[in-house]
Amino acid sequence: MNFKVPRGTQDILPSESWKWQQVESIIREVCDMYRYKEIRTPIFEQTEVFLRTVGDTTDIVTKEMYTFTDRGNRSMTLRPEGTAPVVRSFVENKMFGYPDQPVKLYYQGPMFRYERQQAGRYRQFVQFGVEAIGSADPAIDVEVISLAMEVYKRAGLKDIKLVLNSLGDIESRNAHKNALVAHFTPSIGEFCKDCQSRLEKNPLRILDCKVDHKNPLMATAPSLTDYLNEESKTYFDQVKSYLDDVGIGYELDPNLVRGLDYYNHTAFEIMSTSDGFGAITTLCGGGRYNGLAEELGGPAAPGIGFGMSIERLLLAMDAEGKSFKQESELDVYIVTLDTPAHRKGFKLLNEFRSAGIRADMDYMDRKMKAQMKSADRFNAKLVIVIGEDEVNGNVVQLKNMGDGSQEQVSDENIIETIKEQLK
Ligand code: HAM
């Protein structure tokens, strides 16, 4: 029997996981700089949390959720995204009562969507996201965007662009919704079944349809931009001027609607413009979601955030030919020539580690040459060789792989000498 990872998932092997750790440390550093604190929510939630927020006509809810009934006969769903769980927790833990508002949170972890597998699209992917909840200041929209841009900048990405739209407030959206219904109703028979049901429930989703996207009525559909009321326009103008102030360029796209229903006002995506990147060019998506906290039973608490997958960030780095510098894995590798030397080496190994020195040795009873090759592969800075003479003389041979120098050091002085050489 041959077992394989489930379709749309992947093993992240040691040859790759170090890159993930690099991205994770960039994320931690940047979030710290912007004062966003980590929140960890469960991998699954009551299904209702997503139905109410992501929207029951969206692809995510209708086609992509991993939903199961638990042994207590409750419907549960593996989280397809992070915003709904975070806002659920914000309400449940009464974070709206915290003295410092907005509450600024970040998260990072696996999300699950039953999508067709292709480059950059997985069924389990790791999403890093931030949510700033409690403020309706357009400056915080720009803070959130700038945080995402900073992460990409630190990963070395240059070929990226910010695409921006405003979805307006509820009044504007209703006016636009009515215009869409009037536009599509006469010819709705030409559209797919999903679009037909979207017409009644949520006509905006028609614009997002993957089946009918070439229908000429799509291009002539009324644009949301023409239906923004004064308040929404002012808000959008303020967001744009804050972006100008901090020097973040953007492209306006009135068709950017996003695949989740909770958005209003600012909606944005960050795309890769690198030639080497595959068909899916969106690296990051986010927007404002005033009203979501109320939807989950809390008081009014306007919010904004984004989500980005680490997978796509790493793909964008590959496409741009950017890589992280791989640090040396080891400070010291201990080479031993016989059994008494192995015993002595093992004792030293443990002393080194206690002293904060990254060290390892051979456990396969291999010849000296093979052990030296391992030291090379691990990129060890120093190698210690122990044979019969060294055991008897209470010394070791210490070789510096950087400059090739070699010296005999007494057991007593070895830790001190290693630390000196590592400086
Ligand atoms: P989203 O646009 O559905 O938004 O996903 C955000 C990001 O998650 C995408 O831009 C992409 O990087 C990544 N992503 C989504 N699906 C996949 C997949 N199947 N494989 C790999 N990566 C994927 C949200 O999830 C919102 N919760 C974002 C947000 C936070 N809005 C406000 N706050």
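Modeller: Buried means under 20% relative accessible area, exposed over 50%, and partly exposed in between, using a 1.4 Å probe and protein chains only. Ile 188 is buried by that rule, because its relative accessible area is 16%.

Biologist: What kind of model is this?

Modeller: This is a predicted model, in which local features need pLDDT of at least 70, side-chain atom pairs count only at pLDDT 80 or more, and totals for chains, interfaces and linings use all residues. Residues are numbered from 1 along each chain as its sequence is written, and side-chain values use heavy atoms, with hydrogens and water left out.

Biologist: Where is Ile 188 found?

Modeller: Start with the elements. Helices (H or I, at least four residues) and strands (E, at least two) are DSSP runs, numbered from the N terminus. Ile 188 sits in the loop between α6 (170-184) and α7 (193-201). Its C-alpha atom is 8.1 Å from that of Leu 199, eleven residues apart along the chain.

Biologist: Which residues are closest to the ligand?

Modeller: First the cut-off. A residue is near a molecule if one of its heavy atoms lies within 4 Å of it. Here 28 residues surround the ligand, and Glu 81, Thr 83, Glu 115, Glu 131 and Tyr 263 are the closest. By class, eleven are nonpolar, ten polar and seven charged. Ala, Val, Leu, Ile, Met, Phe, Trp, Tyr, Cys and Pro count as nonpolar; Asp, Glu, Lys and Arg are charged; the others, Gly among them, are polar.

Biologist: Which strand gives the most to that shell?

Modeller: β10 does, with six residues. β6 (124-133), β10 (282-288) and β11 (303-309) each supply at least two.

Biologist: Which polar atoms lie by the ligand?

Modeller: A polar contact is a pair of N or O atoms within 3.5 Å; within protein, one must be able to donate a hydrogen and the other to accept it, and residues adjacent in sequence count only if both atoms are side-chain atoms. A polar side-chain atom of Glu 131 is 2.8 Å from a ligand nitrogen. The side chain of Gln 127 places an N or O atom 3.0 Å from a ligand oxygen. Gly 285 uses a polar backbone atom, 3.5 Å from an oxygen of the ligand. The protein buries 95% of the 660 Å² that the ligand exposes when taken alone. Accessible areas come from the Shrake-Rupley method with a 1.4 Å probe; for residues, only the protein chains shown count as cover.

Biologist: What span should helix α5 have?

Modeller: The expected span is 1.5 Å times one less than the number of residues. For the 17 residues of α5 (residues 138-154) that gives 24 Å; the end C-alpha atoms are 25 Å apart, which agrees. Of those 17 residues, 13 are buried, so α5 is largely enclosed by the rest of the structure. Asp 137 caps its N-terminal end, with a side-chain oxygen 2.8 Å from the backbone nitrogen of Ala 139. Gly 156 follows α5 and has a positive phi, near 90°.

Biologist: Where is the backbone unusual?

Modeller: Most residues other than glycine have a negative phi, and most peptide bonds are trans. Asn 73 has a positive phi, near 65°. Asn 73 lies in the loop between β3 (66-69) and β4 (75-78) and is exposed at 66% relative accessible area. Lys 94 also has a positive phi, about 50°. Lys 94 is exposed, at 54%. A cis peptide bond joins Gln 101 and Pro 102, with omega about -5°. Pro 102 is in the loop between α4 (83-92) and β5 (103-112).
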